[in-house]
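Here's a structure to explore together. Keep the 3D view open and turn it as you read, one stop at a time.

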Amino acid sequence: MASNQKGKAEDPQPKIEINVDLTKAAGIADDPDAIDRAYQRVKATFASGKTKPYAFRMKQLREMHKGLQKMRAELSKAASEDLSKDDFTNWFVELRGVEREAEEAMAHLKTWMRDECVDTPLFLGPGKSYLQKEPLGVVAVMSSWNYPLATALSPVISAVAAGNAVILKPSEMAPATAHALKAFFARYLDVNSYQCVNGGVQVAIRTTQTRFDLIVFTGSTAKGRLVAAAAAKNLVPTILELGGKSPLVVDESCDLDYTAKKVAAMGFMNSGQLCIRCDYVLVPLALVNKFATKVKSHMEAYYQNGARKNTLGK
């Protein structure tokens with residue numbers, strides 16, 4: 001509240017500074033010019049038409065699928081180092097889903113690429129009309145730290161299948177996974193068409209300032225606003241997968257034990273870092289204690305009274 005009284009001004013709100021340089025600690029150079037170099041390289045490749053043919057796209061998808069299988073242990077180890085999750089969780093929650101994305105793309109790529117016939121207006125006859133699908137160009141993928149494999153590779157698979165060139169900027173908050181993803185790109189993808197650029201905040205900023213044809217970002221709502229605002233200055237379209245609120249409403253007619261079991265299973269997976277998990281529950285007052293007791297009971301069963309707490313992640 002403003003005051004007209006003279007005297008000593010109130011102390012300003014103390015600033016909290018975080019001085020942890022994760023990129024430096026992990027041996028990742030925060031070089032924004034690396035984005036420029038990678039962009040020019042893959043842009044030239046896209047302009048040549050190399051990424052558009054069916055045979056090229058299919059080869060890259062097959063290589064990615066092969067790499068996911070051959071590097072499964074390496075990728076899982078990196079994710080465990082960053083997030084302390086066990087191998088099964090890494091496979092079940094991230095790696096298998098990405099493999100299925102590649103399999104789905106390979107199975108349907110030819111159909112997706114076909115021209116689509118559409119009606120021709122009478123006054124344009126006897127001409128024929130069809131929709132011809134074209135790739136956008138160079139796509140930037142900015143992945144998140146909480147699911148560092150799935151949020152990186154799933155959008156890359158879609159972009160590759162669509163015939164685009166791609167630059168992946170992994171989250172610096174999962175540095176071991178970022179290193180593994182860079183190795184994955186180098187081993188299994190065409191290096192002139194697809195690049196993985198590691199870095200910190202400065203690399204991320206340069207990514208959002210570059211004239212990509214599309215930016216795909218997964219992360220917080222606050223960071224999503226910054227990405228969208230920076231991209232809008234260059235009229236770059238964005239796909240933003242952001243965190244939010246996911247209430248769960250429990251009423252008197254539901255199966256209380258079943259609901260509590262699902263809350264215990266999904267509400268604490270990956271330490272609760274799941275964008276679609278319920279982050280708060282609305283329960284009738286008369287059922288609060290009963291519901292809480294059931295959730296606690298299922299959690300004790302899942303995590304064996306703390307013996308399996310390492311599976312929660314960090």
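Helix 4 (72–83) and helix 7 (residues 175–188) pass each other in a left-handed crossing. Keep in mind that this is a predicted model. How closely do the axes of helix 4 and helix 7 come together, and at what angle do they cross? They come within 7 Å, and the crossing angle is roughly 160°. Angles over 145 degrees count as roughly antiparallel, so that is the label for helix 4 and helix 7. If you want to see who meets whom, look on the helix 4 side for Glu74, Leu75, Ala78, Ala79, Glu81 and Asp82. On the helix 7 side, their contacts are Pro175, Ala176, Thr177, Ala180, Ala183, Phe184 and Arg187.

Now let's move over to the sheet. Five strands make it up, lined up in the order 5-4-3-6-7 with parallel pairing, and the sheet is open. Which strands stand at the edges? Those are strand 5 (194–196) and strand 7, and each has just a single partner strand, so one side of each has no neighbour in the sheet. On average, and ignoring direction, neighbouring strands here are turned by 10° against each other.

Next, zoom in on strand 3, residues 138–142. In the order of the sheet, strand 3 sits between strand 4 and strand 6. With strand 6 (residues 214–219), strand 3 pairs in the parallel sense over four bridges. You can spot Met142 standing opposite Phe217 of strand 6. Helix 6 (residues 150–161) packs on this sheet and touches strand 3, strand 4 (165–169), strand 5 and strand 6. The direction of helix 6 makes about 165° with that of strand 3. Helix 7, which you met earlier, packs on the sheet too, touching strand 4 and strand 5. Its direction makes about 160° with that of strand 5.

Is strand 3 buried or exposed? Five of its five residues are buried, so the strand is largely enclosed by the rest of the structure. Both of its faces are covered, with Val138, Ala140 and Met142 buried on one side and Val139 and Val141 buried on the other. Turning to the other neighbour, strand 3 and strand 4 pair in the parallel sense over five bridges. Here Val139 stands opposite Val166 in strand 4. To get from strand 3 to strand 4, the chain crosses through helix 6, and this β-α-β crossover is right-handed.

Finally, let's hunt for some oddities in the loops. Most residues other than glycine have a negative phi, and most peptide bonds are trans. Ser84 has a positive phi of about 60° even though it isn't a glycine. You'll find Ser84 in the loop between helix 4 and helix 5 (87–113). With a relative accessible area of 34%, Ser84 is partly exposed. Leu235 also has a positive phi, near 55°, and is a residue other than glycine. Leu235 lies in the loop between helix 9 (221–232) and strand 7 (238–242). Its relative accessibility is 77%, so Leu235 counts as exposed. One last stop is the peptide bond from Gly125 to Pro126, which is cis with omega near 5°. Pro126 belongs to the loop between strand 1 (116–118) and strand 2 (129–131).

Notes: Residues are numbered from 1 along each chain as its sequence is written. This is a predicted model: local features need pLDDT of at least 70, side-chain atom pairs count only at pLDDT 80 or more; totals for chains, interfaces and linings use all residues. Side-chain values use heavy atoms; hydrogens and water are left out. Helices (H or I, at least four residues) and strands (E, at least two) are DSSP runs, numbered from the N terminus. Buried means under 20% relative accessible area, exposed over 50%, partly exposed in between (1.4 Å probe, protein chains only). Two strands pair if DSSP finds at least two bridges between them. Axes are lines fitted to C-alpha atoms, for helices over the stretch in contact, and angles run from 0 to 180 degrees between N-to-C directions. Contact means heavy atoms within 4.5 Å. A crossover is right-handed if, with the strands pointing away from the viewer, the path from the first strand over the helix to the second runs clockwise. Angles under 35 degrees count as roughly parallel, over 145 as roughly antiparallel, 65 to 115 as roughly perpendicular and the rest as oblique. A crossing is left-handed if the near helix is turned anticlockwise from the far one by less than a right angle, and right-handed if clockwise.
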